[in-house]
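I opened this notebook to record what I looked up in a single structure. The entries follow the order in which I consulted it.

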Amino acid sequence: MSRSALVGNVTAMLEDAGFLVSDRCAIRPKSFDIAARRGEDVLLVKILGNIDAFDARTGAEMRRLGTYLNATPIVVGLRTRDEELKPGVVYFRNGVPVLSPDTALDLFVEEVPPLIYAAPGGLYVNIDSEVLADIREEKEWSLGKLAKELGVSRRTVSKYEDGMDASVEVAAELEDLFDAPLTSPVSVLDGAEEIRDEEPTPEDPDVAPEDEPIATVFTRIGFEVHPTNRAPFKTVNENARRREQVLTGHSTFTEAAEKRARIMSSVGAVTRTRSVYVVDELTRESVDGTALIEEAEMEDIEDADDLRDLIMERGEEPEEVA
């Protein structure tokens, strides 16, 4: 399957599941292909045939954007090396959950979350440690007896009851022994934080020299500026006090800039953010809801209300979609 067809299939699947899906980010470089929202769940989705192409820089950018935009970064892919991704299993690359299309279909359309995740050494599941301890005590089994039945040490059983995850084989044996479900789903929409390695959000890259005047204006009027490396926008700007975010682009207004501004508007509709594209000379006022502002106008902005007024004059409010 071509990558373009795969992107189309994943987009259609998310729409069938009730997500509002952005236009495809058909630009390079790009950290994600589409953004999607259903209710309060927001996704930034990278779609790949081979997930080994998902590098550390892209993973770091997606995780940063997920933090800024309150979104879950995920990768949907077909294979790793020469092996197809297994259905019902969550993989990880550079701190981002990875799903096969079948696993994504089960999660988003059928609303059946995966139970298994891949980690060094094999496939594992989350054991509900409290349920395990309660059932063992109800059956009056000692740690030693259960350890003997499983063929593991008493210390290992104690770790299961303290929250350590188990291999798929051990989990299946436990459920057979006690005739009860003991596993809990992988929380993909929360970034699967309960099982992936704890990694701090990567630090922001530096602001590009040509964008420093724009970043300075945003900082002066009360925004925290987060530069990007591989997104269709140059910065994500947050004003925590006003609870608003602005996606910003900046360049001469060319055909490529117009394309970026259009993508920014589409992503903004999904993530409920406004978007602004700063240009050297104004030839029109907006592109599909992304407000266009001249560099000289940016320098004259005195506060966040001035910026909001300009955006409302020329752009559009982010749509409220259920």
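**Entry 1: Asn 237**

I began with Asn 237, which I located in strand β13, spanning residues 235-239. I note for the record that the model is predicted. Is Asn 237 buried or exposed? I found a relative accessibility of 0%, so Asn 237 counts as buried.

I then looked up the polar partners of this side chain. The side chain of Asn 237 makes a polar contact of 2.6 Å with the side chain of Thr 248. A polar contact to the side chain of Thr 235 has a length of 3.1 Å. Setting aside neighbours within four places in sequence, I listed Phe 218, Phe 223, Glu 224, Val 225, Glu 244, Gln 245, Val 246 and Thr 248 as residues in contact with Asn 237.

**Entry 2: Phe 218**

I followed one of these contacts to Phe 218, which I found in helix α8, residues 212-220. Its relative accessible area is 1%, and Phe 218 is therefore buried. Apart from residues up to four places away in sequence, Phe 218 touches Phe 223, Val 225, Asn 237, Val 246, Thr 248, Met 298 and Leu 307. I also checked a pair that is remote in sequence: Phe 218 and Ala 304 are 86 residues apart along the chain, and their C-alpha atoms are 8.3 Å apart.

**Entry 3: nonpolar cores**

I next turned to the nonpolar cores. In soluble globular proteins, nonpolar side chains tend to be buried together. The largest nonpolar core here holds 35 residues, and Phe 32, Leu 65, Phe 233 and Val 267 have the most contacts inside it. I recorded the elements that each supply at least two residues of this core: β3 (41-50), α2 (56-68), β6 (89-93), β7 (96-99), α9 (255-271) and β15 (274-279). Which element gives the most to this core? I found that α9 does, with 6 residues.

I examined Phe 233 separately. Beyond its neighbours within four places in sequence, Phe 233 is in contact with Phe 32, Leu 65, Thr 228, Leu 247, Thr 248, Met 264 and Val 267. A second core, separate from the largest one, has 26 residues, among them Ala 17, Phe 19, Val 90 and Tyr 117.

**Entry 4: Glu 61**

I looked up Glu 61 as an acidic residue in helix α2. Its relative accessibility is 1%, so Glu 61 counts as buried. What does its side chain reach? I found the backbone nitrogen of Ala 231 at 3.2 Å from the side chain of Glu 61. A polar contact of 2.9 Å also joins the side chains of Glu 61 and Arg 64. With neighbours within four places in sequence left aside, Glu 61 is in contact with Ser 31, Thr 228, Asn 229, Arg 230 and Ala 231.

**Entry 5: backbone geometry**

I searched for backbone exceptions and noted the following.

- The peptide bond from Arg 28 to Pro 29 is cis, with omega near -10°; Pro 29 lies in the loop between β1 (20-21) and β2 (34-38).
- Asn 94, although not a glycine, has a positive phi of about 50°. Asn 94 sits in the loop between β6 and β7 and counts as partly exposed at 32% relative accessibility.
- Glu 111, also a residue other than glycine, has a positive phi near 60°. I placed Glu 111 in the loop between α3 (101-108) and β8 (116-119), and its relative accessible area of 57% makes it exposed.

**Entry 6: Lys 148**

I added one exposed position in a helix. Lys 148 belongs to helix α5, residues 143-150, and counts as exposed at 74% relative accessibility. The C-alpha atoms of Lys 148 and Gly 122 are separated by 22 Å, with these positions 26 residues apart along the chain as a sequence distance.

**Entry 7: the chain as a whole**

I closed with totals. I counted 11 helices and 17 strands in the protein chain. Its C-alpha atoms fill a box of roughly 75 × 45 × 35 Å along the principal axes. Of the 322 residues, 49% are buried. Among contacts between residues at least 6 apart in sequence, 59% join residues at least 24 apart. The accessible surface is about 15500 Å², and 45% of it belongs to carbon and sulfur atoms. I recorded 36 positive and 67 negative side chains, with the centres of the two sets 4 Å apart.

Methods
Residues are numbered from 1 along each chain as its sequence is written. This is a predicted model: local features need pLDDT of at least 70, side-chain atom pairs count only at pLDDT 80 or more; totals for chains, interfaces and linings use all residues. Side-chain values use heavy atoms; hydrogens and water are left out. A nonpolar core is a set of buried Ala, Val, Leu, Ile, Met, Phe, Trp, Tyr and Cys residues joined through side-chain atoms within 4.5 Å. Buried means under 20% relative accessible area, exposed over 50%, partly exposed in between (1.4 Å probe, protein chains only). Helices (H or I, at least four residues) and strands (E, at least two) are DSSP runs, numbered from the N terminus. Contact means heavy atoms within 4.5 Å. Accessible areas come from the Shrake-Rupley method with a 1.4 Å probe; for residues, only the protein chains shown count as cover. Lys and Arg count as positive and Asp and Glu as negative; His and the chain ends are not counted. The place of a charge is taken as NZ of Lys, CZ of Arg, CG of Asp or CD of Glu. A polar contact is a pair of N or O atoms within 3.5 Å; within protein, one must be able to donate a hydrogen and the other to accept it, and residues adjacent in sequence count only if both atoms are side-chain atoms.
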